[in-house]
Amino acid sequence: MTIAPREPVGDNTDADSDQLFARIADDLLAKGYSINPCALPAGLADDLLLHLHAMSERQFAPAGIGREQDQVLNRLVRKDTICWITGESAAGRRWLDWTSRLQSYLNYRLFLGLFSFESHFAHYAEGAFYRRHLDAFKGESNRVLSVVAYLNPGWLPGDGGELVIYPETGATDGIRVTPAFGTLAVFLSEDFEHEVLPTRRDRFSVTGWFRVNSSSALRADPPL
Ligand code: OGA
Ligand code: MN
């Protein structure tokens, strides 16, 4: 895979994240989604990109959808490959630390009751896409909030690969997000259909979901 050389995301530091977290909370309250260019702390974005450089495509596996096991159908819906972040790498741990601060902040400000977080690197090779979908279905899933951070230096308007978020179900016009280095998109998982338009070059991101705890007497969550 080809990864473009890095370029600075700006000089925002981890300390500036407090302002960013506040803006995300305000946006979520007002409209349910939040798009933030140049938002990732520069050190974190650099670490994630360097880690991607060091990974091999063999560490990425074709992504599945929901409980759908049919790989042929899968390929018609999404063509990205993914690698789950487990905290084995320093970059992964830094990402998990940062998102855990975001989780605490959103719980404190919005009483969201976010309980856990799962995330993966995603690679869309040239021509890859992800058709319009929801990340969670009301009543069926405990994914509450979707987070996507983009790691693509020098993204140009003709490169495609935009994330399109549809503010209303069935709407044909959406909000287009360029997957530029350092951009962070956050949206309510059950409320916003979205898609990834076909990309014309390698496109990298980290995608994650905050979940609420749906444990009950009959079922432990996460499974024990
Ligand atoms: C997903 C997804 C959006 C993106 O992985 O569910 O919608 O912009 N990703 O990569
Ligand atoms: Mn999605």
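Which residues does Q103 touch, not counting residues up to four places away in sequence? In this predicted model, Q103 touches L114, F115, S116, F117 and F210. The chain that holds Q103 has 224 residues, and buried residues make up 50% of them. This briefing covers the overall fold, the metal and ligand sites, and a set of individual residues.

**Overall architecture**

- The chain has four helices and 11 strands.
- Of the contacts in the chain with a separation of 6 or more, 81% are accounted for by residues 24 or more positions apart.
- The accessible surface of the chain comes to about 11100 Å². Carbon and sulfur atoms hold 54% of that surface.

**Manganese site**

- The manganese ion (ligand 2) has three named protein donors, H133 (NE2), D135 (OD) and H194 (NE2). These donors lie 2.1 to 2.2 Å from the ion.
- The spacing of the donor residues in sequence is H-x1-D-x58-H.
- Two of the donor residues, H133 and D135, are both buried.

**Ligand 1 and its surroundings**

- There are 13 residues around ligand 1, and those that come nearest are H133, D135, Y150, H194 and R203. H133, D135 and H194 also serve as donors to the manganese ion (ligand 2).
- Y150 places a polar side-chain atom 2.6 Å from an oxygen atom of ligand 1.
- For H194, a polar side-chain atom lies 2.9 Å from an oxygen atom of ligand 1.
- In the side chain of R203, an N or O atom is 2.8 Å from an oxygen atom of ligand 1.
- On its own, ligand 1 has 290 Å² of accessible area, and the protein covers 99% of this area.
- Strand 5 (130-133), strand 6 (143-150), strand 10 (193-196) and strand 11 (203-211) are the elements that give two or more residues to the shell around ligand 1.
- Strand 11 supplies the largest share of that shell, with four residues.

**Helix 4 and the loop that follows**

- Q103 has its place in helix 4 (residues 90-110). Its relative accessible area is 14%, so Q103 is buried.
- F111 lies in the loop between helix 4 and strand 4 (116-124). Because its relative accessibility is 72%, F111 counts as exposed.
- The phi of F111 is positive, at about 50°, although F111 is not a glycine. Most residues other than glycine have a negative phi.

**Cysteines**

- C38 is placed in the loop between strand 1 (33-36) and helix 2 (42-54). Its phi is near 50°, a positive value in a residue other than glycine.
- C38 counts as partly exposed, because its relative accessibility is 47%.
- C83 counts as buried, because its relative accessibility is 14%.
- A disulfide is a covalent bond between the sulfur atoms of two cysteines. With a cut-off of 2.5 Å between cysteine sulfur atoms, the count comes to zero disulfides.

**Buried loop residues T183 and T199**

- T183 is found in the loop between strand 8 (175-177) and strand 9 (184-188). Its relative accessible area is 6%, so T183 is buried despite the loop setting.
- Leaving aside neighbours within four places in sequence, the contacts of T183 are N36, P37, C38, V148, A149, Y150, V177 and T178. One of these contacts, Y150, is among the residues that come nearest to ligand 1.
- T199 is located in the loop between strand 10 and strand 11. T199 counts as buried, because its relative accessibility is 2%.
- Leaving aside neighbours within four places in sequence, T199 is in contact with Y124, A125, E126, G127, A128, W155, D159, G160 and G161.
- From C-alpha to C-alpha, T199 and E162 are 7.6 Å apart in space, and they are 37 residues apart in sequence.

**Strand residue Y166**

- Y166 belongs to strand 7 (residues 163-166). With 6% relative accessibility, Y166 therefore counts as buried.
- Not counting residues up to four places away in sequence, Y166 touches R132, A171, T172, D173, G174, F192, E193, H194 and E195. Among them, H194 is a donor of the manganese ion (ligand 2).
- Y166 and H133 are 33 residues apart in sequence, with a C-alpha to C-alpha distance of 10.0 Å.

Conventions: Residues are numbered from 1 along each chain as its sequence is written. Chains are lettered from A and ligands numbered from 1 in the order in which they are written. This is a predicted model: local features need pLDDT of at least 70, side-chain atom pairs count only at pLDDT 80 or more; totals for chains, interfaces and linings use all residues. Side-chain values use heavy atoms; hydrogens and water are left out. Buried means under 20% relative accessible area, exposed over 50%, partly exposed in between (1.4 Å probe, protein chains only). Contact means heavy atoms within 4.5 Å. Donors are N, O and S atoms within 2.8 Å of the metal (3.2 Å for Na, K and Ca); water is not among the atoms, so sites may look incomplete. A residue is near a molecule or strand if one of its heavy atoms lies within 4 Å of it. A polar contact is a pair of N or O atoms within 3.5 Å; within protein, one must be able to donate a hydrogen and the other to accept it, and residues adjacent in sequence count only if both atoms are side-chain atoms. Accessible areas come from the Shrake-Rupley method with a 1.4 Å probe; for residues, only the protein chains shown count as cover.
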